[in-house]
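Please open the model in a viewer and keep the selection panel at hand. The tour below proceeds by selection, stating at each stop what is to be found.

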Amino acid sequence: MSVLVLVENIEGNFKKKSFELVQYASTVAKNMGKTATALVLGTCNKEAMASLGAYGATKVLHVADTQLNQLSARAYTKAIVAASEKEGAKVIVAPHDVVGKTVAPQVASRLKAGLAVGAVSYPDMNNGFVVKRNVFGGKAFAFVNITTEIKVLTLLANSFQVQKGEGAASVEALSVSFDAKDFAIQVKETNKVTGTVPLGEAELVVSGGRGLKGPENWGVIEDLAATMGAATACSRPVADAHWRPHHEHVGQTGGTIRPNLYIAIGISGAIQHLAGVNGSKTIVVINKDPEAPFFKAADYGVIGDALEVTPKLNEAFKRFKAAQH
Amino acid sequence: MKILVCISPVPDTTTKIAFSDNNTQFSTQGVTMVINPYDEWYALVRALELKESGAATAVNLVTVGRADAEAIIRKALALGGDEAIRIDTDSNDPYVISAQIAAYAQSENYDLILTGKETTDYNNGAVGAMLADQIDANYIGFASKLDVASGTALVTREIEGGEEVVNCPLPLVLSCQKGMAEARIPNMRGIMAARTKPLKVVPAADIAELSKIVAYEMPPAKTGVKMFTIDQMDELVATLHNEAKVI
Ligand SMILES: Cc1cc2nc3c(=O)[nH]c(=O)nc-3n(C[C@H](O)[C@H](O)[C@H](O)COP(=O)(O)OP(=O)(O)OC[C@H]3O[C@@H](n4cnc5c(N)ncnc54)[C@H](O)[C@@H]3O)c2cc1C
Ligand SMILES: Nc1ncnc2c1ncn2[C@@H]1O[C@H](COP(=O)(O)O)[C@@H](O)[C@H]1O
């Protein structure tokens, strides 16, 4: 028996959120006196798979079918269910991202297993199986008790510090028999944003609002983000006015993010904006208005003009980076 | 082509979140309910556009909820839609909601079922995916564009780090997000028409919860913001490193 964890490979390799997932699953497994098995779907580098052992996986199951290089809810669900049956999994963990959010509910439904999405804690197994998760767009937490024999979770990224250990996992091929219906979704075109840090998994985010006055001023935001290695985001009116692309819009109607650091520049802090970002660990607000509501939700604040403060902050970050080397 | 739109009532987005009964219940006192924005702005409006363009023949609405959800259903009908179905039960467990909708939709042969990407209260984002599994339909999450021609849907969906244009045969369950359509405001004619549109109440199927919320917690209150002047940027960066430990 084991804990099964779905990890996504990006062109054959893994990113930090996968290490966090494997570490989480192996800790849950340890607490249950079990082991963790990672499941990898689609083409993947064998060494990369074995290296998941350094984060606690004893075994990696690999379904190498190249059709799995594209997301199909039905095919992924079939593969996860097959792996979970093979391993006798009692807990199934997936990332709380597009893939996990698409397939975890289907797996739960198929196995009649209780589901908790966006977990931010280890399950408390003293009184049932209770997981803490975000609700109300990060404005509160709920403790969900899963009452079924099998439990399905998605883990919110950046919930735990990742520590690399020793060891290699054994890699085993798993064959799953798919049919045409499993791949009914046909991909016509893929557009990936490359070169920048994807917003959803960024640990550091620099975000701009209407206080920046216009798209021509976004250089200060981009420069700061580049220095920090941060992703960029924006408020909704900024995306609506086409100053920035829509995928950068965070808030109730945009993306929900939970970085370690969110720097909000020229954003008033409307409740709908906060709904997307108030799960951030630390919030820095730069605003010329001392009464801006965002200061109430902030850890650190600077009152001043965005176009003056941001370049100065950028210089300070550069000095900090230089001193670190 | 018949479309079903899943409509969930949620607290208005400006609601101050509070809990009662020793933090085990969401306190609904003084809370105004609205249609879940993703259901209203994206799923419902896109369904109506497909009907207006002749691609769809019927747009029905379904809500799993008690009688107090009817004001929300009427509001959705005022935007458009032919008839509404209310399944008379209530739960926070997405499995129960999906299975209730599946029990109703199973025999109705909808070609397309649209949900929001998630509800703004419990943020499960799970009902659509579960429903698709239960009625053996295809599922695509996080769709931002939808067109239908000769039994095939053309969908733009979000993927990790970008987006993808895909083709998918019907029947299909789709979770909708921004990009799908522009929000509409109900007009007087719509509001009047909604009063007489059919709102069927169907009894709930016998479905047990697989999970249950046992308690709530508010995040720790911010201890107050620490201010820096424009000349203290090095201090701010040092604080982010030494105190907040985020860089
Ligand atoms: C149902 C609903 C859903 C919504 N969903 C979202 C959502 O998902 N995301 C979202 O962001 N919004 C959302 N909104 C809109 C939200 O209510 C606010 O209107 C929006 O967040 C405001 O954006 P802003 O802070 O950039 O602009 P403003 O409110 O105009 O604020 C600009 C801020 O910049 C400051 N400023 C001005 N000049 C400068 C300067 N030179 N230097 C520094 N600071 C300066 C001002 O003091 C002000 O605080 C939603 C609204 C509704 C009704
Ligand atoms: N009680 C409900 N009645 C009808 N549809 C619902 C209900 N709850 C959720 N949905 C639909 O499922 C979507 C996702 O909800 P959830 O999985 O609860 O986040 C919503 O956007 C709605 O379209």
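Begin with the interior: the largest cavity has a volume of about 210 Å³. The model is a predicted one, and its structure holds 2 cavities of 30 Å³ or more. Rolling a probe the size of a water molecule over the atoms shows where empty space is left.

To centre the view on the largest cavity, select Phe136(A), Gly137(A), Gln252(A), Ala275(A) and Thr120(B), which lie nearest its centre among the 22 residues of the lining. Next, highlight helix H7 (residues 271-277) of chain A, which supplies the largest share of that lining, 4 residues. Colouring the lining of the largest cavity by residue class gives 6 nonpolar, 11 polar and 5 charged residues.

Turn now to the charged pairs. Over all chains, the search of the whole structure finds 31 salt bridges; three of them are visited individually here.

Select Glu315(A) and Lys318(A), whose salt bridge has its closest N and O atoms 4.0 Å apart. The two residues are 3 residues apart in helix H8 (residues 306-324) of chain A, and therefore about one helical turn separates them. Glu315(A) is partly exposed, at 37% relative accessibility, and Lys318(A) is likewise partly exposed, at 43%.

Remaining on this helix, select Arg319(A) together with Asp234(B): their side chains meet in a salt bridge of 3.0 Å, N to O. Arg319(A) belongs to helix H8 of chain A and Asp234(B) to helix H6 (residues 233-242) of chain B, so this pair joins two chains. Both partners count as partly exposed, with relative accessibilities of 44% for Arg319(A) and 38% for Asp234(B).

Which residue forms a salt bridge with Glu49(B)? Select Arg46(B): the closest N and O atoms of the pair are 2.6 Å apart. Both residues lie in helix H1 (residues 37-52) of chain B, 3 residues apart, which means a separation of about one helical turn. Glu49(B) is partly exposed, with a relative accessible area of 23%, whereas Arg46(B) counts as buried at 12%. After this pair, select Lys59(A), Lys86(A), Glu87(A) and Glu172(A), which are joined into one network by salt bridges that share partners.

The final stop is on the surface. Select Met188(B), Ile191(B) and Met192(B), a nonpolar patch with about 290 Å² of accessible area together. Within this patch, Ile191(B) is placed in helix H5 (residues 188-196) of chain B and is partly exposed, its relative accessible area being 33%.

How values were computed
Residues numbered from 1 in each chain as written. Chains lettered and ligands numbered in written order. Predicted model: local features only at pLDDT ≥ 70, side-chain atom pairs only at ≥ 80, totals over all residues. Heavy atoms only, no water. Patch = residues over 30% accessible without salt bridge, like charges linked within 9 Å, V, L, I, M, F, W, Y side chains within 5 Å. Areas by Shrake-Rupley, 256 points an atom, 1.4 Å probe, with all protein chains shown as cover. Buried < 20%, exposed > 50% of the residue type's maximum accessible area, 1.4 Å probe, protein only. 1 Å grid on protein atoms, 1.4 Å probe; cavity = no way out; pocket = protein on both sides within 12 Å on 5 of 7 lines; lining within 4 Å. Points joined across faces, edges and corners; volume = space filled by probe spheres on them. Nonpolar A, V, L, I, M, F, W, Y, C, P; charged D, E, K, R; others polar.
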